[in-house]
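This report describes one protein chain, with attention to its charged pairs, its loops and its pocket. The sequence and the structure are shown first.

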Amino acid sequence: MSDQGPPSPSDPGNQDDAPQPQSEHLNIKVTDNNNEVFFKIKRTTQLKKLMDAFCERQGKSFTSVRFLFDGTRVNPGDNPESVSCARACANATNRSK
C-alpha cells in the first residue's frame, strides 16, 4: 500500500488522462461583410438574444437580415450547443453516404 494517495491534478504525469473542461462561454464574431461585432455568450443562450443585439447595434431590422453558421441558416430559438451538434450530425450523415 502507498501513503501517497491519488496523483494530484498538478502532477505532470497526469495531464494526458484528464480531458480539458469546456468553457461555459463562447466568443462569437458576427459580421455583415462590412462590420464585425463580437459577443460573449453561454453555450445554452438562445441566439435570438445575440441576433437582437447585433441588429440594434447595426441599426438594422431583424426581418431584413439572415444569420448563417457555415452556410446553414440559424434560427432564433437555436443556441450554440444545438447548432454545433446539428452541424456535427449533418457532417456524420454526409460522410456515411
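A salt bridge is taken here as a side-chain nitrogen of Lys or Arg within 4 Å of a carboxyl oxygen of Asp or Glu. By that criterion the structure, which is a predicted model, holds 4 salt bridges. Side chains of opposite charge can pair when their charged atoms come close.

**Overall arrangement**

The chain contains 2 helices and 4 strands. Read from the N terminus, these elements follow the order β-β-α-β-β-α. The chain has 97 residues, of which 16% count as buried. Among contacts in the chain with a separation of 6 or more, 33% are made by residues 24 or more positions apart.

**Salt bridges**

Three of the salt bridges are described individually, and the table gives the N to O distance of each pair.

| Salt bridge | Closest N to O distance |
|---|---|
| Glu-24 and Lys-42 | 3.5 Å |
| Glu-36 and Lys-29 | 3.5 Å |
| Asp-32 and Lys-60 | 2.9 Å |

The side chains of Glu-24 and Lys-42 meet in a salt bridge. Glu-24 belongs to the segment before E1 and Lys-42 to strand E2, so this pair ties together parts that are 18 residues apart in sequence. Glu-24 is partly exposed, at a relative accessible area of 48%. Lys-42 is also partly exposed, with a value of 38%.

A salt bridge likewise joins Glu-36 to Lys-29. Glu-36 counts as partly exposed at 49% relative accessibility, and Lys-29 is partly exposed with a relative accessible area of 47%.

The salt bridge between Asp-32 and Lys-60 has its closest N and O atoms 2.9 Å apart. Because Asp-32 lies in the loop between E1 and E2 and Lys-60 in the loop between H1 and E3, the pair ties together parts that are 28 residues apart in sequence. Lys-60 counts as partly exposed, at 33% relative accessibility.

**Asp-32 and the loop between E1 and E2**

Is Asp-32 buried or exposed? Its relative accessible area is 19%, and the limit for a buried residue is under 20%, so Asp-32 counts as buried. This residue is found in the loop between E1 and E2.

The side chain of Asp-32 also faces backbone atoms of the chain. One of its polar atoms lies 3.0 Å from the backbone nitrogen of Asn-34. For the backbone nitrogen of Asn-35, the distance to a polar atom of the Asp-32 side chain is 2.8 Å. When residues up to four places away in sequence are not counted, Asp-32 touches Phe-54, Gln-58 and Lys-60. Lys-60 is thus a contact of Asp-32 as well as its salt-bridge partner.

Asn-33 lies in this loop too, between E1 and strand E2 (36-42). Its phi is near 70°, a positive value in a residue other than glycine. With 76% relative accessibility, Asn-33 counts as exposed, whereas Asp-32 is buried.

**A second positive phi**

Which residue in the loop between E3 and strand E4 (72-73) comes into view next? Asp-70 lies there, and although it is not a glycine, it has a positive phi of about 50°. Asp-70 counts as exposed because its relative accessibility is 52% and the exposed class begins over 50%.

**The largest pocket**

The volume of the largest pocket is about 500 Å³. It is lined by 22 residues, and those closest to its centre are Ile-28, Lys-29, Val-30, Leu-68 and Phe-69. One of these, Lys-29, also forms the salt bridge with Glu-36.

Which elements each supply at least two residues of the lining? They are strand E1 (25-31), helix H1 (47-58), strand E3 (68-69) and helix H2 (80-96). E1 provides the largest share, with 5 residues. In character, the lining divides into 14 nonpolar, 2 polar and 6 charged residues.

**Summary of the E1 region**

Strand E1 gives the pocket lining its largest share of residues. In the loop between E1 and E2, Asp-32 is found, with a salt bridge to Lys-60 and polar atoms of its side chain 3.0 Å from the backbone nitrogen of Asn-34 and 2.8 Å from that of Asn-35. The segment before E1 holds Glu-24, whose partner Lys-42 lies in strand E2.

Note on methods
Residues are numbered from 1 along each chain as its sequence is written. This is a predicted model: local features need pLDDT of at least 70, side-chain atom pairs count only at pLDDT 80 or more; totals for chains, interfaces and linings use all residues. Side-chain values use heavy atoms; hydrogens and water are left out. On a 1 Å grid over the protein atoms alone, a cavity is a set of points where a 1.4 Å probe fits but cannot get out, and a pocket is an open set with protein on both sides within 12 Å along at least five of seven lines; lining residues have an atom within 4 Å of a point. Grid points are joined across faces, edges and corners, and a volume is the space filled by probe spheres set on the points. Ala, Val, Leu, Ile, Met, Phe, Trp, Tyr, Cys and Pro count as nonpolar, Asp, Glu, Lys and Arg as charged, and the others, Gly among them, as polar. Buried means under 20% relative accessible area, exposed over 50%, partly exposed in between (1.4 Å probe, protein chains only). A polar contact is a pair of N or O atoms within 3.5 Å; within protein, one must be able to donate a hydrogen and the other to accept it, and residues adjacent in sequence count only if both atoms are side-chain atoms. Contact means heavy atoms within 4.5 Å.
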